[in-house]
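Open the model in your viewer and keep the selection tool at hand. Each stop below says what to select and what is there.

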Amino acid sequence: MSKTLKDAPVLVVGAGIMGAGIAQVAAQAGHSVQLFDTRDGAAEQAKNKLAQTLQGLTAKGKLSAEAVAQTLSRITTITALEEAAGVGLVVEAIVEKLDAKRGLFQQLEAVVAADCVLATNTSSISVTAIANGLQYPARLVGMHFFNPVPLMKLVEVVSGLQTDAAVAAAIFELSKDWGKVPVHARSTPGFIVNRIARPYYAETLALLQEQAATPAVLDACLRAAGFRMGPCELMDLIGHDTNFSVTQSVFEANFYDKRFVPSLVQRELVDGGLLGRKSGRGFYDYANGVTTPELEKVAPVQLPTTQLLRVHGQGPVADRWAAALKQAEQVFLRVPNSDWVGLGVEGAQLRLTDGRTATELGVEVAVFDLPLNMTSGATLAWAPSLHASASWASGAPQWLAALGFKPQRLADAPGLVVARTIAMLINEAADAVQQGVCTPDGANAAMKLGVNYPAGPFEWLAGWNTNAVVRLLDALDLRYRGERYRVSPWLRQRSHQETSV
Ligand code: NAD
């Protein structure tokens, strides 16, 4: 059965932040839209607010007065669901409670035609569970928008066990008509984005718990890797209560799989009412607005001319060292078949992290983080071995500074911050793919469009190396001996393939 919703009249139920945005997008795409909310006057208020917003855009020259008038004329507010008997699509954006959503859809089945598509904007409830009890469960599908709806391009089209593939396909096409980028997802806890994104927060929270660095340093490292906001400032913006409850719901929904254990650091903030920007304080203090804390600065050395230097390993980092040394007319040797990547300075080593700590690797050793961003001035984490001499502990970062990086010292934590965060995002995405939640392309699109990641997890994997990712995760697993760092069977399988060719 193929189905088109192109010209279908739409009912949006719930006129809160999401419902209002969905009504706007549907009306702008030419649909006639009815808006309903059980709270007295809420639908009218939402429409008035939308009128103000759109007129504001007209004043700025971004939207014609005619387009605004047309959009608004397509939206009507209703006070009883029965008025929506003729719609071809319902999009539900009410309170995030299973009973309320089930009750609403059961009530709607008594009103709308048998072929009307029912879509839920739930961000965390099982689509399969919402459909349970419906007369026609095959027509219920998830249509998960992101906030703010008019700006965020991603729509997760979520199929439950009973969702008809033709219904999911129709919502997929409709989302494109609405100017969105849809991605198919299977109904599993967190769907795609809210599941794969967990390690972005969790790894930083784990590093904070073990006192590896300050929020400002961790944020700076991940911003340098291309993320628009570091995890701490992002959690402060989202609100720790909201972020914590998503983590908790993914944890519970996965039968308390330790991979998803929430953080004590974040619970402490929630318990203390330090919810982030909205309460004036979270990781950062917003009493004086949003400010960026100052970080430690390391002056670069002049590359010396007398030392015995070796560039170990292959790839962009090794090439960068070699180019910099060549430019400084420095004599050095390349050791391309080394089992590590980095710089040997007489007896000392400055190594790209492979998941083992510098201390595990030796005495005159320092490790540095995965440099996803090779541009000059990019912040890069590093850590010396606990046993390193004072001269190597102060010398190592200068070699990074000499390459143009802004080195930031962390405690000697395995995988530092960017390497372990990216490896864990890849690992979670790999599990999602193996479990049929989404395709690799779907995961890439979802993370770039749903949470503005600079690249998708499988794009990072393509630019890295499956064996190196698995080795890093195994080292973390060995160090922490929990379930959090267990390697996805999907990745493990591919790392074997790489080894055997
Ligand atoms: P909100 O609190 O701003 O709005 C919910 C609205 O639904 C309220 O106006 C409320 O009066 C109304 N409502 C509650 N029960 C109702 C019922 N039985 N019938 C009709 N109206 C009812 O919430 P929101 O942030 O817009 O979220 C709505 C849904 O969208 C939730 O399922 C949420 O999980 C999901 N969602 C939210 C976001 C987000 O960032 N806020 C993102 C994606 C999905």
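Select helix H10 and its surroundings. The buried residues of H10 pack against four helices: H8 (198-209), H9 (215-224), H11 (240-253) and H12 (264-271). Remember as you look that this is a predicted model.

Now colour H10 itself, residues 231-238. Which residues of H10 are buried? They are Pro-231, Cys-232, Glu-233, Leu-234, Met-235 and Asp-236. That is six of the eight residues in H10, so the helix is largely enclosed by the rest of the structure. Step just past the end of H10 to Gly-239, which takes a positive phi of about 105 degrees.

Stay with H10 and show the side chain of Glu-233. Glu-233 meets the side chain of Arg-223 in a salt bridge, 2.6 Å from N to O. The pair links distant parts of the chain: Arg-223 sits in helix H9 and Glu-233 in helix H10, 10 residues apart. Are the two partners buried or exposed? Glu-233 has 18% relative accessibility, so it counts as buried. Arg-223 is at 29%, so it counts as partly exposed.

Next, select the loop between H11 and H12, where Asp-257 is found. Asp-257 has a relative accessible area of 18% and is therefore buried. Show its contacts. Leaving out residues up to four places away in sequence, Asp-257 touches Phe-251 and Arg-486.

Move to the strands. Select E5, residues 117-120. Side chains in a regular strand alternate between the two faces of the sheet. In E5, Val-117 and Ala-119 lie on one side, with Leu-118 and Thr-120 on the other. All four are buried, and both faces of the strand are covered.

Add the neighbours of E5, beginning with strand E4, residues 89-92. E4 and E5 pair in the parallel sense over four bridges. To find one of them, pick Glu-92, whose bridge partner in E5 is Thr-120. Then trace the chain from E4 through helix H4 (residues 98-109) to E5. This β-α-β crossover is right-handed.

Add strand E6, residues 140-145. E6 runs parallel to E5, and three bridges join the two strands. Pick Leu-118 to see one pairing: its bridge partner in E6 is Leu-140.

Go back to Glu-92 and show side chains. Opposite charges on side chains can pair when the charged atoms come close. Here Glu-92 and Lys-101 meet in a salt bridge, 2.5 Å from N to O. How accessible is each partner? Glu-92 has 0% relative accessibility, so it counts as buried. Lys-101 is buried too, with a relative accessible area of 1%.

Now select Arg-139 and Glu-109. Their salt bridge has its closest N and O atoms 3.1 Å apart. This pair also connects distant parts of the chain: Arg-139 is in the loop between helix H5 (127-131) and E6, while Glu-109 is in helix H4, 30 residues away. Both residues are buried.

For the last stop, select Arg-195, Arg-259, Glu-428 and Asp-431. Salt bridges link these four residues in a network. How many salt bridges are there in the whole structure? A search finds 19.

Notes. Residues numbered from 1 in each chain as written. Predicted model: local features only at pLDDT ≥ 70, side-chain atom pairs only at ≥ 80, totals over all residues. Heavy atoms only, no water. Buried < 20%, exposed > 50% of the residue type's maximum accessible area, 1.4 Å probe, protein only. Contact = heavy atoms within 4.5 Å. Pairing = 2+ DSSP bridges. Right-handed = clockwise from strand over helix to strand, strands pointing away.
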